[in-house]
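Here's a quick tour for anyone meeting this structure for the first time. Have a look at the picture, then read on.

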Amino acid sequence: MSGTLKRGSKKNRPTHQVYIPENLDLELLLENHPTDIPNAKDYLAVIVDSIHSSIATKKDLDIEAMQGFTRLYSPILKYYCNLYKPLVEWLENNGIIETDNSYSNFTNSGYSKGYRFTQHYRTKLKPYLVTTGTLVKKLKEKKNFKSSKPPILTSDNLRLLYPDIDAEKSYSIIAEEKLGFLKGFLNKDLKIDKVKAEHFLNLLLTDDLKNNNIEFPTLYYNLRKYNLDKLSDGEYYFHIDSTSGRLHTNLTNLKSELRNILTYKGQILSSIDLKNSQPLLSITFLDSELYKINNMESRIKIYDRELKNIPDSHYTMLLDLIQKNENQPDVILYKKLVKEGKIYEYFVDIMIAKGMIDKNTTKIQQRKEAKNVMFISLFAKNKSIKNKLIGKFIKLFQSCFPNVFEIFFTIKEHNHNSLACSLQNFESEIFLHKIAVNVHAKFPSIPKYTIHDSIATFSKNIVDIQPIVESELKKVLGFVPELHIETWDKDILNQQPCINSIYGFVDDDIQFSIKQAAELLDIGRNTLLKKLRECNILKSDKANINIPFDEYLIKGFFQMRTKQVSSKKTASYLLISENGLNFIRDIIN
């Protein structure tokens, strides 16, 4: 029977790939420091792999704050290897890993010791094939481990959206079932150019190694590379958390620049993104009608009552406060600025006037400082106003928007996470359970990928789904907010001369209107538009007048935005990036 593999032969044995430091030779170390535990090499490799794999899908973790330590949750280790304790000790004794000997709960899975590689083994990773049958089977099962903490969101929190739910099931299971159509597009037709991706990550690592503010550059690289490999190898994950209801997939954890080299069935993808989503959605706490329509009180209660039982009188008082303040001048100004996408520019001007920002720093740096004011004020603990480091930002926000501050302060009174988590939960409901569900109902065959406050599909179908996105946002906000359409294309990744740049035309780029660009180029607005049409940069046919050709959108030179001009009508307008302005200047010259 030549050419036939016998059942159970080594060549036919199932395997599972994990990752270990490239300079770690487990076989040699076991020869010099043997252990009686059967199949120790495979079990050691899995424990070593878990140091990075257990946090690779948790994009929001602060690696620097964790000092590079990963919490290894003992029930998970025990599931894979009953004798994990002596193996962890073996890794410590042989100088491969070290522990902080303190118990913490960074990953919300339970209080666990922190472990990290010793300095010698903080290298890039290499693949390792696990061959022990029982271990391979467990690794491939991808068992979900229950957190030691009860879930914050329960099936009741989905009842308004899905009246027919099974109350016995968890929030995550119900949501994943209802949104299973999104999981279906995580398949072999979703491709990434791995050669280009690895080249980019290597450049980024080189840059991080030069940055004295980054203490664990190789760990960052390994986490990014881990997510790339999982996507490239077809190991897909799809999970909705029970804290804010956010969906986590290969794409949400992929380094954002690498989305530019993703395709589906060979076709380019684009995304529609809600600009400045958290400040924008916060207006639902500043308008009593929006507050009621969107059930914001119920959201706050979910997170308040995680800690303690708060009397209903507190929420009655909060609604009274919203009604009292909603027409105050500072509240009206705040809502106007976030609707127009100018809140950061407002803070930049104030901070420059107060000497908090050097007016000679770059626009990008100024904007980042302004974001600090906004997000620290939204999400920091109330007592942080006394903090020497961040208190100045909160005090600035309070001085600019005292009545807005009072409402946010009251929402965070019992649990400072209530404001941030309520906004994230609201965002998840909009993009997952309203926008994605309705897009799928109308266009079931096109791919759909959500990344928190955005939804992506074929570039050619963006124009089809945009009205649905606008309609759903208008229902919850009362107006059509500014949307950002970004094309994911490999040419954007190719053109970047500097690794510190953000790939594509995104939030932190400097943006100019046609009028501003014309003034900077010392040319009339209409003359500028005419020249761009003559050079076949802008389209000239009546149906698409002054819309850039795709190649210039892909290059990030231009961006089309939409704004509401009346209760029933929206209009498109053109913005030019700094690179686009330089390109136009060269053309004109």
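## The chain overall

Take the contacts in the protein chain with a separation of 6 or more: 69% of them are between residues 24 or more positions apart. Keep in mind that this is a predicted model. The protein chain has 589 residues, and 51% of them are buried. As for secondary structure, you'll find 26 helices and 16 strands in the chain.

## Helix H18 and its cover

Let's zoom in on helix H18, which runs over residues 391-400. Which of its residues are buried? They are Gly391, Phe393, Ile394, Leu396, Phe397 and Cys400. A bit of background helps here: an α-helix has 3.6 residues a turn, so residues three or four places apart point the same way.

And what lies over those buried residues of H18? The cover includes helix H15 (329-340) and helix H16 (343-353), along with helix H17 (363-379) and helix H19 (402-411).

## H15 meets H19

Two of the helices that help cover H18, namely H15 and H19, also touch each other. Their axes come within 6 Å and cross at roughly 85°, so H15 and H19 count as roughly perpendicular to each other.

On the H15 side, the contact uses Asp330, Val331 and Tyr334; on the H19 side, the partners are Pro402, Asn403, Val404 and Phe408. Sorted by class, the contact of H15 with H19 has 5 nonpolar residues, 1 polar and 1 charged.

## H20 against H21

Further along the chain, helix H20 (residues 417-442) packs with helix H21 (residues 462-477). The angle is about 140° and the axes are 10 Å apart, and H20 and H21 are therefore oblique to each other. Their crossing is right-handed.

H20 brings Phe426, Ile430, Lys434, Ile435, Asn438, Val439 and Lys442 to this contact, while H21 offers Ile465, Ile468, Val469, Glu472, Leu473 and Val476. Split by class, the residues where H20 meets H21 come to 9 nonpolar, 1 polar and 3 charged.

## A closer look at Thr70

Now for a single residue: Thr70, found in strand S2 (residues 70-71). Is Thr70 buried or exposed? Its relative accessibility is 0%, so Thr70 counts as buried, the cut-off being under 20%.

Who are its partners? Leaving out residues up to four places away in sequence, Thr70 touches Ser50, Ile51, Ser54, Ile55, Lys113, Gly114 and Tyr115. With one of these, Ile51, there is a polar detail too: a polar atom of the Thr70 side chain lies 2.6 Å from the backbone oxygen of Ile51.

How values were computed:
Residues numbered from 1 in each chain as written. Predicted model: local features only at pLDDT ≥ 70, side-chain atom pairs only at ≥ 80, totals over all residues. Heavy atoms only, no water. Buried < 20%, exposed > 50% of the residue type's maximum accessible area, 1.4 Å probe, protein only. Helix = DSSP H or I, 4+ residues; strand = E, 2+ residues; numbered from the N terminus. Contact = heavy atoms within 4.5 Å. Polar contact = N/O pair within 3.5 Å; in protein donor to acceptor, adjacent residues only side chain to side chain. Axes fitted to C-alpha atoms, helices over the stretch in contact; angles between N-to-C directions. Parallel < 35°, antiparallel > 145°, perpendicular 65-115°, else oblique. Left-handed = near helix turned anticlockwise from the far one by under 90°. Nonpolar A, V, L, I, M, F, W, Y, C, P; charged D, E, K, R; others polar.
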